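Visitor: Could you take me on a close look at one single part of this molecule, slowly enough for a first-year student to follow?

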Amino acid sequence: MSLWRSRRAGSYLALVAGTTVAATLLYNYGMATLENDPQPLYRSLEVVFQTFTTTGYGEDAPWSTPQMNFLMIGLQLTGIGLILTGVDIFAVPWLRSALATTPPTTASDLEDHVIVCEYSPRGEAFIEELESRGQKYVVVESDEGAARELHETDRRVVHGDPESIDVLEDAGIERARAVVADAADDTNASIVLSAQEANPEIRVVTLVEDQRLGEYHRIAGADEVLSPRQLLGESFAHRVPTAVTTAVDEGVEIGNDLELVELSIAEGSDLCGQTADAVGLRNRFGVDGIGAWFNGDFESPIPPDRDLETGTRLLVAGEPDRIDELRAEAASTVHPFAARRVVIAGYGEAGMAAGEALAATNTRVTVLDSDDKDGVDIVGDARDPATIDEVGIDGASAVIITLDDDTSAIFATLVVRDLDPSVDIIVRANDAENVQKLYRAGADYVQSLATVSGRMLASTVLEDEEVLAVDRQVDVVRLPAGELAGRTVVDADVRSRTGCTVLAAVRDGETITEFDPAAFVFEAGDEVVIAGTDESVRSFETLFLD
């Protein structure tokens with residue numbers, strides 16, 4: 001809205017007009033009755049303007065009566081107040097607008113870059129991945145404030161409507177390697193059509209919230225349609241023990257004889273309460289301890305004197321038979337055979353996917369959602385203790401929380417944990433920065449939608465990167481060896497410098513899992529399979545691939 005047409009400006013102008021009229025009449029009356037010097041109204045109006053603008057008083061000064069002197073003091077203060085108010089309403093916004101950074105509207109200097117339409121927390125992890133790899137990119141953002149903020153934080157951005165062909169051309173779509181559409185589902189379809197018209201050869205990848213709408217993205221011309229919510233929901237279902245399997249941590253196969261597994265220390269298991277050194281992962285089970293999550297914080301390597309309490313999650317690598325032995329020791333010694341019960345709070349795309357996956361077992365599922373729709377058993381607010389009581393989480397083996405916003409998910413986690421200290425709570429975080437909050441609120445397992453989305457995009461868009469496990473708390477990825485060529489893992493000091501663990505080498509298409517890290521020398525063209533947090537993987541990329 002124009003500054004001159006705003007309500008605040010209009011109110012100020014009305015105040016000035018009303019004050020001026022009142023002051024003119026009052027001054028004219030005072031001159032006639034107190035100073036015995038009647039004068040026309042226009043003369044009084046002139047004096048009022050001289051007072052308000054602090055330019056002087058002409059022939060009327062000085063005044064003989066104290067009343068008129070007090071009146072003039074009041075008029076002077078009123079004038080100063082009106083001037084300061086006018087500065088705040090008109091001058092300050094104008095200066096702020098004139099001095100504000102203007103986001104760019106073109107990216108004419110970029111080639112072989114990725115165009116991201118638009119900016120979101122889901123794409124933040126992907127952008128960080130691109131930056132760590134030195135891959136050029138530009139974000140097309142329609143909101144001017146968001147575009148300005150990105151520009152001020154040194155992110156490449158073009159301000160404009162990503163559905164516009166002209167804007168995509170300004171973003172260099174003719175020279176780009178790919179377009180990523182990360183807006184609303186219907187907007188994404190429009191972006192695909194515009195991108196195909198601007199450059200029919202461009203590769204287009206879309207993120208879809210409702211998997212059922214993904215087909216329309218493909219009809220529009222999308223090359224890849226990714227559904228991270230669906231994948232995350234299915235992953236959550238696999239975290240829930242059922243009556244037929246109490247250990248559901250699925251491993252990541254790396255070659256034929258190496259498996260990477262996250263597994264939990266169950267209450268009452270043979271390993272619960274022991275230190276990592278006493279457990280003897282290498283000596284007793286023949287597996288390598290990559291790291292462990294303690295209250296949501298990942299530590300690598302595992303501190304030998306750290307107690308493995310209930311809920312501690314180990315990240316280990318080894319032969320499948322050896323992993324199975326460790327898994328059996330980490331599981332509870334009590335094996336229930338009755339059907340398990342799981343509560344799902346939030347029945348969106350992720351909640352539906354979790355429910356469908358659990359339906360394939362004999363797990364009894366109770367669904368809670370704020371909307372009355374098919375598949376929902378109880379309608380209510382997951383943040384309301386009375387609603388959770390109505391659901392009845394007593395006896396449930398797990399509660400899966402997939403709410404629309406993280407603030408609600410955090411509060412719901414607090415409520416569930418307070419009502420049942422022993423139930424497993426599995427939560428989806430929409431934003432990665434809220435993961436630790438959810439752990440502090442009492443969640444047992446948290447996965448970020450933004451993290452999963454970023455990994456899926458990186459694995460799809462970057463041709464030399466393959467993410468082997470996008471739905472895990474740890475990032476498992478195959479990358480070029482880069483500057484590791486001619487060096488060993490020990491020589492390069494990979495683990496202490498990056499926090500990553502090198503699990504395998506890939507040479508001429510063959511995955512080598514058994515190698516001496518102090519003797520095996522990488523060659524140009526080799527690849528590595530590494531595991532670590534997203535931050536440590538980006539550190540590896542920065543050090544060895546940038």
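Guide: What follows is a walk around one helix pair and the spaces beside it.

This is a predicted model, in which local features need pLDDT of at least 70 and side-chain atom pairs count only at pLDDT 80 or more, while totals for chains, interfaces and linings use all residues. Residues are numbered from 1 along each chain as its sequence is written, and side-chain values use heavy atoms, with hydrogens and water left out.

Let's begin with helix 4, residues 121–132, and helix 20, residues 534–544 (helices are DSSP runs of H or I with at least four residues, strands are E runs of at least two, and both are numbered from the N terminus). The axes of helix 4 and helix 20 come within 8 Å of each other and cross at roughly 25° (axes are lines fitted to C-alpha atoms, here over the stretch in contact, with angles from 0 to 180 degrees between N-to-C directions). Helix 4 is therefore roughly parallel to helix 20 (an angle under 35 degrees).

Now look at who meets whom. Helix 4 brings Ala125, Glu128, Glu129 and Ser132, while helix 20 answers with Arg538, Glu541 and Thr542 (contact means heavy atoms within 4.5 Å). Sorted by class, this contact has 4 charged residues, 2 polar ones and 1 nonpolar one (Ala, Val, Leu, Ile, Met, Phe, Trp, Tyr, Cys and Pro are nonpolar; Asp, Glu, Lys and Arg are charged; the others, Gly among them, are polar).

Some of these residues turn up again around an enclosed space. The count comes to 1 cavity of 30 Å³ or more (on a 1 Å grid over the protein atoms alone, a 1.4 Å probe fits in a cavity but cannot get out; a pocket is open, with protein on both sides within 12 Å along at least five of seven lines; lining residues have an atom within 4 Å of a point). The largest cavity holds about 60 Å³ (the space filled by probe spheres set on the grid points, which are joined across faces, edges and corners). Its lining includes Ala125, Glu129 and Arg538, which you met in the contact of helix 4 with helix 20. Thr451, Gly454, Arg455, Ala458, Glu465, Val467, Asp475 and Asp534 line the cavity as well. Helix 4, helix 17 and helix 20 each supply at least two of the lining residues, and helix 17 has the largest share, with 4. By class, the cavity lining has 6 charged, 3 nonpolar and 2 polar residues.

Next comes an open space, the second largest pocket, with about 590 Å³. There are 25 residues in its lining, and the closest to its centre are Ala432, Val435, Thr451, Asp534 and Glu535. Of these, Thr451 and Asp534 are also part of the cavity lining. Helix 4 gives the most to the pocket lining, with 4 residues. Helix 20 supplies at least two, and so do strand 10 (297–299), helix 16 (435–441), strand 17 (445–448) and helix 17 (449–461). In this lining, 9 residues are charged, 9 nonpolar and 7 polar.

Finally, step over to strand 10, the place of Glu299. Leaving aside residues up to four places away in sequence, Glu299 touches Gly291, Ala292, Phe294 and Arg306. Arg148 is 151 residues from Glu299 along the chain, and their C-alpha atoms are separated by 37 Å.

Terms used. Angles under 35 degrees count as roughly parallel, over 145 as roughly antiparallel, 65 to 115 as roughly perpendicular and the rest as oblique.
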